[in-house]
Amino acid sequence: MADTRFANRLERWRHSLQAVLLILLLPGLSACQTGRPSAGPAWDPSQTAASEARSAEDFQVVDCLLPGKVKKLGSRVVYQTPRRPVRATAIDCEIRGGEYVAYDRANYQTALQVWLPQAEAGDPRAQTYVGEIYEKGLGTSPDYQKAARWYREAAEQGYTRAQINLAYLYEQGRGVMQDSSAAARWYARAGVESPFVQKRPAPEVNELQAEIERLEKQSERLREQFEEAKRKLQEKLGSEAEVKRLRDRVAALEKSLRRAEKKLSGTGEELPSQVPADISFGRYYALVIGNNAYRHLPDLKTAVGDAREVAKILETRYDFRTKLLTDASRYEILSALNQFRENLSERDNFILYFAGHGELDEANLRGHWLPVDAEPENPANWISNIDVTDLLNTMSARHVLVVADSCYSGVMTRSAIAGPASRQGTALEEWLRTLTSKRSRTVLTSGGLKPVLDVGGGEHSLFARHFLDTLKTNRRLLEGQRLHREITPLVSQAARHLGVEQAPEYAPIHFAGHEGGDFLFVPVSRAAYIDFAVAAAAY
């Protein structure tokens, strides 16, 4: 009996000694920990080590079944919980001991086997994933009726993402009768602005639009007169003074036109005079990519310079922590994007900027970004918009903005879902809370489903020039929708003068987990810039 008591006491001493050693070793262990940033120093993406993944395919997002937890009940019963489905990259799934289908990822049945049990058990997240599997099709024709059924199951439980997806099906008439009223109701329940609510333009907006049309016509007439006067001068039929007068007049009119367009883009509601104390903007990160030197495709002229300047502006004026990639391969791009996915938290904001070649799969209406190792007619090293969307969907960052300056980039904006509803009067502060609190996944593209200009903006592309100019001159809190409204008339007008059509587009990214927020650019000196009483005067 005494031996038993001594053995028990010795065992307790051993456990106590282990606990003391663990406490003593914790400071050293903490220096080796990796993962999401704590509330301390911000993660520095420029110092991140290269990934140990074997290939770019390791960064593809898969439907992963993690092993169940081993639990103990009392002193005798040991049992294992059911396996847990998650969306993770292939390499993360392997590291965590999970199971995924390696060579049949395009088959919806394999994806359904992962998520259907939890969906049938009533989990709204799993129900939404099942609906998205049916809506995407994944190797077969989409089944919109089943998608609508699962979205409704989750939407009735208040799951925002399912409400937005269901509204979109009503908007398009897929799997349900097309019903704009039903779509508007579901958008409203999700807290986003319905694209069917037509706002009555303010009188000032109508006047400015009329002024722009008048100035454009007048500018075009004077330009014709200027060209005619220049021709006469060359033929010694007119005076130099006449040509100079017309040149000055055209310049003055175009200046007035730009002023009117800028004023038009700034019309709308004013932001509150102070930022409420309970609103936090979080930390800002960016992955900026510019590709000029292609191995198998024609080189570009401005993409690398655009990327460098974008990174510089984001760092110096908006306090971003950036990682810059120039002339990057498929592996380098997906590896860097995966590093952000692993390290960003729910309080963070993230911009993914890509300037380079793009390609369109017309049969599937699927866009691709082309890294420097991409080959024509061979998609092996192309980066599909779906791959980008899947990675953004699994990213924890609250607000994500993709800025794509490439041909056919408008494929990512093929949804009519709008952002959060605008507010008037005293509700503007609540509107700002909505923008900052709701998850957003939006894309700003340099054009639609056509090629875009790599030149036309001096040392920059046409789109990049106006994107940079707008960010440089901005002195106020700037949301993504307003950024789009400010640069669109500038890009469109400049493109028309070069004889092409190009109009930037802005929209949520479908299947990326957008929930009605919007991206906010916050200038570095908040005391100077976020004085909304002053900022309102600029609107």
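This passage describes a helix pair, a small set of paired strands and an internal cavity in a predicted model.

Helix 4 spans residues 124–136, and helix 6 spans residues 160–172. The two helices pack at an angle of about 30 degrees. Their axes lie 10 Å apart. Angles under 35 degrees count as roughly parallel, and helix 4 and helix 6 are therefore roughly parallel to each other. The crossing of helix 4 and helix 6 is left-handed.

An open sheet is formed by 3 strands, in the order 8-9-10. Pairing within this sheet is antiparallel. Strand 8 (358–361) and strand 10 (383–384) are the edge strands, and each pairs on one side only. Strand 9 covers residues 366–369. Strand 8 and strand 9 pair over 4 bridges, in the antiparallel sense. At residue level, D361 has R366 of strand 9 as its bridge partner.

Internal space was examined next. A search of the whole structure finds 2 cavities of 30 Å³ or more. The second largest cavity has a volume of about 30 Å³. Its lining consists of F59, Q60, R330, L334, D387 and L391. Two helices each supply at least two residues of this lining: helix 11 (330–343) and helix 12 (385–393). By residue class, the lining of the second largest cavity divides into 3 nonpolar, 1 polar and 2 charged residues.

Methods:
Residues numbered from 1 in each chain as written. Predicted model: local features only at pLDDT ≥ 70, side-chain atom pairs only at ≥ 80, totals over all residues. Heavy atoms only, no water. 1 Å grid on protein atoms, 1.4 Å probe; cavity = no way out; pocket = protein on both sides within 12 Å on 5 of 7 lines; lining within 4 Å. Points joined across faces, edges and corners; volume = space filled by probe spheres on them. Nonpolar A, V, L, I, M, F, W, Y, C, P; charged D, E, K, R; others polar. Pairing = 2+ DSSP bridges. Axes fitted to C-alpha atoms, helices over the stretch in contact; angles between N-to-C directions. Parallel < 35°, antiparallel > 145°, perpendicular 65-115°, else oblique. Left-handed = near helix turned anticlockwise from the far one by under 90°.
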